[in-house]
Amino acid sequence: MNKNMKTIETEDKYCIPFFKKTQISIERGDGIYVFDENEKQYIDLTSGWGVTCIGHANPVITDALIEQSKKIIQNPESGKTYSPSRAKLLQLLSTVLPHSLNKVFFTNSGAEANDAVIKLARKVSGKKNVISTINSFHGRTISTASATGQSSHRDKYSPLMPNYLFVPYNDIEEVKKIIKNDVAAVIVEPIQGEGGIIVPSDDYLVNLSRICNENDVFLILDEVQTGFLRTGTFFCSSPFDIKADFMTMAKGLAGGFPFGAFAVSEKVAQKIEIGDHGGTYCGNPLGCAVSYAVIKFLISNNVEENVKEISKMTFDYLHKIQKEFPELIADIRGKGLLIALELANDKITSSIQKNCLDNGLLINVTHGNIIRLFPALTITKEEMNKSLVILKTSIAKHSKNDA
Ligand code: PLP
């Protein structure tokens with residue numbers, strides 16, 4: 001008997017169908033593996049959309065959840081009272097954040113963090129316009145959808161929030177043309193993730209930061225997808241000499257627990273007043289305890305080194321496959337363990353995805369023809385190799401005539 005069916009039927013009956021769903025019902029996870037209700041095992045190369053950075057059911061997370069939930073999960077008066085769990089996390093975060101971003105507030109998601117910083121950038125600067133980039137993704141609330149540079153995620157919700165201007169990504173000259181004294185902020189992803197893993201040139205963020213500073217415009221770095229070692233450094237922007245005023249975080253921040261954050265510069269912090277922002281669950285002790293455990297794990301287990309090693313072997317492997325199937329694989333790009341494999345067309349991609357699924361590998365597809373590989377950062381060489389072999393076998397089922 002297929003035990004998944006009852007769940008699938010119930011969800012299909014009662015859940016609003018926003019997703020075209022994969023017909024499996026996942027009951028549990030363990031590291032990079034997940035298991036459906038029939039105990040069929042799959043490798044999860046999506047890590048829940050870049051979230052479960054230290055694997056599924058990592059005891060570090062479950063222990064933190066149990067210990068903290070036995071103490072308290074929500075403070076009296078929410079953020080109006082102090083929490084040792086929150087203070088511990090703030091202290092630890094301060095060791096990984098850029099020194100210039102020294103004040104932090106917590107949210108429940110990435111969109112909520114972006115929403116908050118856009119609000120605050122306007123309030124603090126007294127200016128209205130926000131520059132975003134074409135093909136970007138910043139969230140699904142009405143303001144972050146309005147800030148998103150993909151019409152498919154935005155235009156059907158009109159009227160949109162006003163005062164967003166869009167420039168091509170990785171194009172400084174276009175920013176220069178429109179950056180004027182009515183611009184509050186520029187919001188940018190260090191790598192466009194949902195947009196298909198578009199990596200800008202090495203000097204892009206530095207130049208953007210310089211132009212923002214010259215024009216007295218805030219720079220908002222959206223590190224929701226790229227943060228917490230996803231691209232090999234703590235933040236994707238860490239290696240660059242950048243002066244940002246806001247940074248937003250979520251996903252890897254708490255390894256699967258819904259949690260987000262934003263950090264602001266001293267210049268911004270000085271102009272923030274009581275009541276400018278808040279939220280019922282912001283900085284709840286449970287989320288803080290989990291996030292602390294995840295960040296501590298990332299630091300103390302040298303996950304950075306693992307990301308670099310696995311990234312190199314993955315890119316080497318993919319480039320080899322590309323040589324074998326040049327007609328099928330259009331491009332390979334990315335950084336760390338945020339990797340895109342762009343295929344010749346949507347049809348091949350969906351067939352590869354299905355074949356991988358049949359063979360126990362879950363992969364994410366974005367824009368129809370881009371396979372986005374973003375596994376847990378703790379994946380081992382053997383596990384990655386096993387996944388890549390399944391992927392290659394699925395690609396090899398197609399011929400150049402399919403391209
Ligand atoms: N910003 C970026 C760069 C993202 O990739 C995402 C989600 O994929 C978001 C914001 C929205 O985050 P959330 O889904 O947690 O609201």
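**Exercise 1. The ligand and its polar partners**

Task: Determine which atom of the ligand lies 2.8 Å from a polar side-chain atom of Gln225, and then describe the shell in which the ligand sits.

Solution: In this predicted model, the partner of the polar side-chain atom of Gln225 is an oxygen atom of the ligand, at 2.8 Å. Turning to nitrogen, a polar side-chain atom of Asp222 lies 2.7 Å from a nitrogen atom of the ligand, and a backbone N or O atom of Phe137 lies 3.5 Å from a ligand nitrogen. Of the 390 Å² of accessible area that the ligand has on its own, the protein covers 81%.

The next step is to list the surroundings: besides Phe137, Asp222 and Gln225, the ligand is surrounded by Ser109, Gly110, Ala111, Asn114, His138, Gly139, Glu189, Val224 and Lys251. Sorted by character, the shell divides into three nonpolar, six polar and three charged residues. Sorted by element, its largest share, three residues, comes from helix α5, which spans residues 110-125.

**Exercise 2. From the shell to strand β9**

Task: Find which residue of strand β9 has a side chain joined to that of Asn114 by a polar contact, and decide whether this residue is buried or exposed.

Solution: Asn114 is one of the residues that surround the ligand, and its side chain is joined to that of Thr248 by a polar contact of 2.8 Å. Thr248 lies in strand β9. Its relative accessibility is 0%, and because buried means under 20%, Thr248 counts as buried.

**Exercise 3. A buried loop residue**

Task: Work out where Thr226 is placed, whether Thr226 is buried or exposed, and how many ångströms separate its C-alpha atom from that of Leu337.

Solution: Thr226 is placed in the loop between β8 (218-222) and β9 (246-249). Although it belongs to a loop, Thr226 has a relative accessibility of 1% and therefore counts as buried. Thr226 and Leu337 are 111 residues apart along the chain, yet their C-alpha atoms are separated by 9.5 Å.

**Exercise 4. Salt bridges**

Task: State how many salt bridges the model contains, and compare the settings of the pairs Lys21 with Glu11 and Lys177 with Glu174.

Solution: The count comes to 16 salt bridges, and, as a general matter, side chains of opposite charge can pair when their charged atoms come close.

- Lys21 pairs with Glu11, and the closest N and O atoms are 2.3 Å apart. This pair links distant parts of the chain, with Lys21 in the loop between α1 and β1 and Glu11 in helix α1, ten residues apart. Lys21 is partly exposed at 35% relative accessible area, and Glu11 is likewise partly exposed at 37%.
- Lys177 pairs with Glu174, with the closest N and O atoms 2.7 Å apart. Both residues lie in helix α7 (residues 172-178), three residues apart, which is about one turn of the helix. Lys177 is exposed at 57%, whereas Glu174 is partly exposed at 24%.
- Asp331 and Arg333 meet in a further salt bridge, at 2.7 Å from N to O. Asp331 is partly exposed at 29%, whereas Arg333 is buried at 14%. Elsewhere, salt bridges that share partners join Lys123, Glu273 and Asp276 into one network.

**Exercise 5. A nonpolar surface patch**

Task: Name the residues that make the nonpolar surface patch of about 510 Å², and place Phe18 in the chain.

Solution: The patch is made by Ile16, Phe18, Phe19 and Trp49. Phe18 lies in the loop between α1 (4-14) and β1 (26-30), and with a relative accessible area of 70% Phe18 is exposed.

**Exercise 6. Backbone angles**

Task: Identify which peptide bond is cis with omega near 5°, and locate the residues Asn170 and His367, each with a positive phi.

Solution: Most residues other than glycine have a negative phi, and most peptide bonds are trans. Against that background, the bond from Ser158 to Pro159 is cis, and Pro159 is placed in the loop between α6 (142-146) and β6 (164-167). Asn170, with phi near 65°, lies in the loop between β6 and α7 and counts as partly exposed at 33% relative accessibility. His367, with phi of about 55°, lies in the loop between β14 (364-366) and β15 (370-373) and counts as partly exposed at 37%.

How values were computed: Residues numbered from 1 in each chain as written. Predicted model: local features only at pLDDT ≥ 70, side-chain atom pairs only at ≥ 80, totals over all residues. Heavy atoms only, no water. Near = heavy atom within 4 Å. Polar contact = N/O pair within 3.5 Å; in protein donor to acceptor, adjacent residues only side chain to side chain. Areas by Shrake-Rupley, 256 points an atom, 1.4 Å probe, with all protein chains shown as cover. Helix = DSSP H or I, 4+ residues; strand = E, 2+ residues; numbered from the N terminus. Nonpolar A, V, L, I, M, F, W, Y, C, P; charged D, E, K, R; others polar. Patch = residues over 30% accessible without salt bridge, like charges linked within 9 Å, V, L, I, M, F, W, Y side chains within 5 Å. Salt bridge = Lys/Arg side-chain N within 4 Å of Asp/Glu carboxyl O. Buried < 20%, exposed > 50% of the residue type's maximum accessible area, 1.4 Å probe, protein only.
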